[in-house]
Amino acid sequence: QVQLVESGGGLVQAGGSLRLSCAASGRTFSTYTMAWFRQAPGKEREFVARIWWSDSVSYYAESVKGRFTISRDTAKNTVFLQMNSLKPEDTAVYYCAAGPTLLRYEYWGQGTQVTVSS
């Protein structure tokens with residue numbers, strides 16, 4: 001059974017940092033892309049960042065570029081999202097996802113809440 005389990009969310013003041021983790025299990029993800037999405041209350045889910053498991057090539061949404069960093073630890077089968085210089089508009093539930101292509105994410109985590117106070 002494939003599982004993606006997020007952790008690391010919480011409450012932080014504007015300008016602060018958080019590090020999210022996504023522990024993946026249940027299959028081999030070596031050919032997959034791993035991504036973070038987020039959904040704020042009353043808004044649609046939006047893409048945040050992605051990374052190819054095989055070569056760690058990454059891509060970011062413009063809104064987080066320069067502040068967030070996605071990385072992966074192949075030994076621990078874990079993907080991270082380091083979030084710095086957080087803003088109130090970063091407040092959302094953050095989801096980890098995995099898929100064989102950039103357009104198809106087959107697996108999703110349950111989400112972790114990130115709240116940034118002003």
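Leaving aside its neighbours within four places in sequence, which residues is A14 in contact with? Select A14 and let's find out. This is a predicted model, where local features need pLDDT of at least 70, side-chain atom pairs count only at pLDDT 80 or more, and totals for chains, interfaces and linings use all residues. Residues are numbered from 1 along each chain as its sequence is written, and side-chain values use heavy atoms, with hydrogens and water left out.

**Stop 1: A14**

A14 sits in the loop between strand 2 (10-13) and strand 3; strands here are DSSP runs (E, at least two residues), numbered from the N terminus. The partners to pick are L86, P88, V116, S117 and S118, where contact means heavy atoms within 4.5 Å. A14 itself is partly exposed, at 41% relative accessibility. For that scale, buried means under 20% relative accessible area, exposed over 50%, and partly exposed in between, using a 1.4 Å probe and protein chains only. Now draw a distance from A14 to G42: their C-alpha atoms are separated by 21 Å, with the two positions 28 residues apart along the chain.

**Stop 2: the core**

Next, select M34, W36, L81, M83 and Y94. These have the most contacts inside the largest nonpolar core, which has 30 residues. A nonpolar core is a set of buried Ala, Val, Leu, Ile, Met, Phe, Trp, Tyr and Cys residues joined through side-chain atoms within 4.5 Å. Colour by strand and you'll see the suppliers: strand 3 (18-25), strand 4 (33-39), strand 5 (46-52), strand 7 (68-73), strand 8 (78-83), strand 9 (92-99) and strand 11 (112-117) each give at least two residues to this core. In soluble globular proteins, nonpolar side chains tend to be buried together.

Stay on Y94 and show what surrounds it. Apart from neighbours within four places in sequence, Y94 is in contact with E6, L20, W36, F37, R38, V48, F68, L81, M83, G111, T112 and V114.

**Stop 3: the disulfide**

Select C22 and C96. A disulfide joins them, S to S 2.1 Å, and a search of the whole structure finds 1 disulfide (a pair of cysteine sulfur atoms within 2.5 Å). The link spans distant parts of the chain, with C22 in strand 3 and C96 in strand 9, 74 residues apart. Check the torsion about the S-S bond: it is about -75°, so the disulfide is left-handed. How accessible are the two ends? C22 is buried at 0% relative accessibility, and C96 is buried at 0% too.

**Stop 4: salt bridges**

Which side chains meet R38 in a salt bridge? Select R38 and look at E46, 2.5 Å away from N to O, then at D90, 2.9 Å away from N to O. The D90 pair links distant parts of the chain: D90 is in the loop between strand 8 and strand 9, R38 is in strand 4, and they are 52 residues apart. The rule is a side-chain nitrogen of Lys or Arg within 4 Å of a carboxyl oxygen of Asp or Glu, and by it the count comes to 5 salt bridges. R38 is buried at 6% relative accessibility and D90 is buried at 1%, whereas E46 is partly exposed at 35%.

Jump over to R104 and E106 for another of these bridges, with the closest N and O atoms 2.6 Å apart. R104 is partly exposed at 44%, and E106 is partly exposed at 35%. Then add R67 to the earlier selection: salt bridges that share partners join R38, E46, R67 and D90 into one network.

**Stop 5: the rings**

A pair of aromatic rings is described by the distance of the centres and the angle of the planes. Rings of Phe, Tyr and Trp (its six-membered ring) pair if their centres lie within 6.5 Å; planes under 30 degrees apart count as stacked, over 60 as edge-to-face and the rest as tilted. The structure holds 9 aromatic pairs.

Take F29 and Y107: this pair is edge-to-face, 6.4 Å centre to centre with 85° between the planes. F29 lies in the loop between strand 3 and strand 4 and Y107 in strand 10 (residues 107-108), so the pair ties together parts 78 residues apart in sequence. F29 is buried at 2%, while Y107 is partly exposed at 23%.

Now F37 and Y105. The ring centres are 5.2 Å apart and the planes stand at 80°, so this pair is edge-to-face. F37 is in strand 4 and Y105 in the loop between strand 9 and strand 10, 68 residues apart. Both F37 and Y105 are buried. Extend the selection to F47, Y59 and W108, which form one aromatic cluster with F37 and Y105.

Last pick: R45. It lies over the face of W108, at 4.0 Å from the ring centre, and over the face of F37, at 5.8 Å from the ring centre. The test is NZ of Lys or CZ of Arg within 6 Å of the ring centre and within 35 degrees of the ring normal.

Note on methods. Helices (H or I, at least four residues) and strands (E, at least two) are DSSP runs, numbered from the N terminus.
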